[in-house]
Amino acid sequence: MNKPSFFRVCRNLVILSCAFWLAACASGPKVRSDLAPDANLANYQTFGFMEQLATDRNGYTSLVTQHLKAAVTAEMTARGYRYSEQDPQLLVNFNSNVEQRADIRTTTTSATPYYGYYHYRRGFYSPFPYYQQEVETVRYKVGTVNIDVIDAARKQLVWEGIAEGVLNKQDIEQPRESMARVVNQIFGQYPVARRQ
């Protein structure tokens, strides 16, 4: 039976602790936005949602849609907009996607020699060191959220915000809170500041 070497176990513990440290220090998703050159979003008073949102599937409103609607409504009303179902000046659409990604990492480590025939060297001097390459595949989930704000009269996109980041266990287990947090980060780049 081939037992893992002490060095391999130590190396894996260091890699694992570094991964947890990086995850703890991560500042969140990458957020970017774009504004139409002729748009002044402070001139609008009302907003609503597209009739068919990109996160809806097969004719029904998904849970993702419900979470995003609640978070977007909170952000828009905090900026002084009023929700209107009848004739909104701005329409909001959004999309969400989760995909599996993989990174392949190669590390070179020195291997602990098997003495075998050379057992007489053990304790006095070491044989020539040899190195081995270890290939590790790290799989993770990446989530993307897009929010589009459209001028309803002109049917033209006037602002979009996008967030992309690695999902952790908490994001997956608490989707409502995660969606609210991401929407808040996206609206951090919205041209109209919060009033509340």
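A polar contact is a pair of N or O atoms within 3.5 Å, and within protein one of the two must be able to donate a hydrogen and the other to accept it. In the predicted model described here, a polar contact of 3.5 Å joins the side chains of Thr144 and Glu164. Thr144 belongs to strand β5, and with a relative accessible area of 18% this residue counts as buried, because the cut-off for burial is set at under 20%. Beyond the neighbours within four places in sequence, the residues in contact with Thr144 are Asn95, Ser96, Asn97, Ile162, Ala163 and Glu164.

Charged side chains were examined next. Side chains of opposite charge can pair when their charged atoms come close. Four salt bridges were counted in the model. In one of them, the side chains of Asp38 and Arg154 meet with an N to O distance of 3.2 Å. Asp38 is located in the loop between β1 (30–35) and β2 (46–49), whereas Arg154 is located in the loop between β5 (131–151) and β6 (156–166), so this pair ties together parts that lie 116 residues apart in sequence. Arg154 also forms a salt bridge with Asp151, at 3.3 Å from N to O, and Asp38, Asp151 and Arg154 are thereby linked in a network of salt bridges. The relative accessible area of Arg154 is 39%, which makes this residue partly exposed, while Asp151, at 6% relative accessibility, is buried.

A further salt bridge joins Glu75 and Arg79, whose closest N and O atoms are 2.7 Å apart, and both of these residues are buried. For Arg79 the relative accessibility is 5%, and its place in the chain is the loop between α2 (63–78) and β3 (82–83). The pairing with the side chain of Glu75 also counts as a polar contact, again at 2.7 Å. In addition, a polar atom of the Arg79 side chain lies 2.9 Å from the backbone oxygen of Val192. When neighbours within four places in sequence are left aside, Arg79 is in contact with Phe187, Gly188, Tyr190, Val192, Ala193, Arg194 and Arg195.

Of these contacts, Phe187 is also among the buried residues of helix α4, together with Ser178, Met179, Val182, Val183 and Ile186. These buried residues cover an arc of only 160° around the axis, and they are therefore placed on the same side of α4. An α-helix has 3.6 residues a turn, so residues three or four places apart point the same way. The helix itself, formed by residues 175–187, has 13 residues and reaches 18 Å from its first C-alpha to its last, close to the 18 Å expected at 1.5 Å a residue.

The nonpolar residues were then considered as a group. In soluble globular proteins, nonpolar side chains tend to be buried together. The largest nonpolar core of the model holds 28 residues, of which Leu41, Val72, Met76, Tyr81, Leu90, Ile147 and Tyr190 touch the most other members. Two or more residues are given to this core by each of β2, α2, β4 (90–110), β5, β6 and α4, and α4 gives the most, with five residues. The surroundings of one core member, Tyr81, include residues from several stretches of the sequence: apart from residues up to four places away, Tyr81 touches Leu41, Ala42, Tyr44, Gln45, Thr46, Phe47, Met76, Leu90, Tyr190 and Val192.

Notes
Residues are numbered from 1 along each chain as its sequence is written. This is a predicted model: local features need pLDDT of at least 70, side-chain atom pairs count only at pLDDT 80 or more; totals for chains, interfaces and linings use all residues. Side-chain values use heavy atoms; hydrogens and water are left out. Helices (H or I, at least four residues) and strands (E, at least two) are DSSP runs, numbered from the N terminus. Buried means under 20% relative accessible area, exposed over 50%, partly exposed in between (1.4 Å probe, protein chains only). Contact means heavy atoms within 4.5 Å. The expected span of a helix is 1.5 Å times one less than its number of residues. The arc is that of the directions from the helix axis to the C-beta atoms. A nonpolar core is a set of buried Ala, Val, Leu, Ile, Met, Phe, Trp, Tyr and Cys residues joined through side-chain atoms within 4.5 Å.
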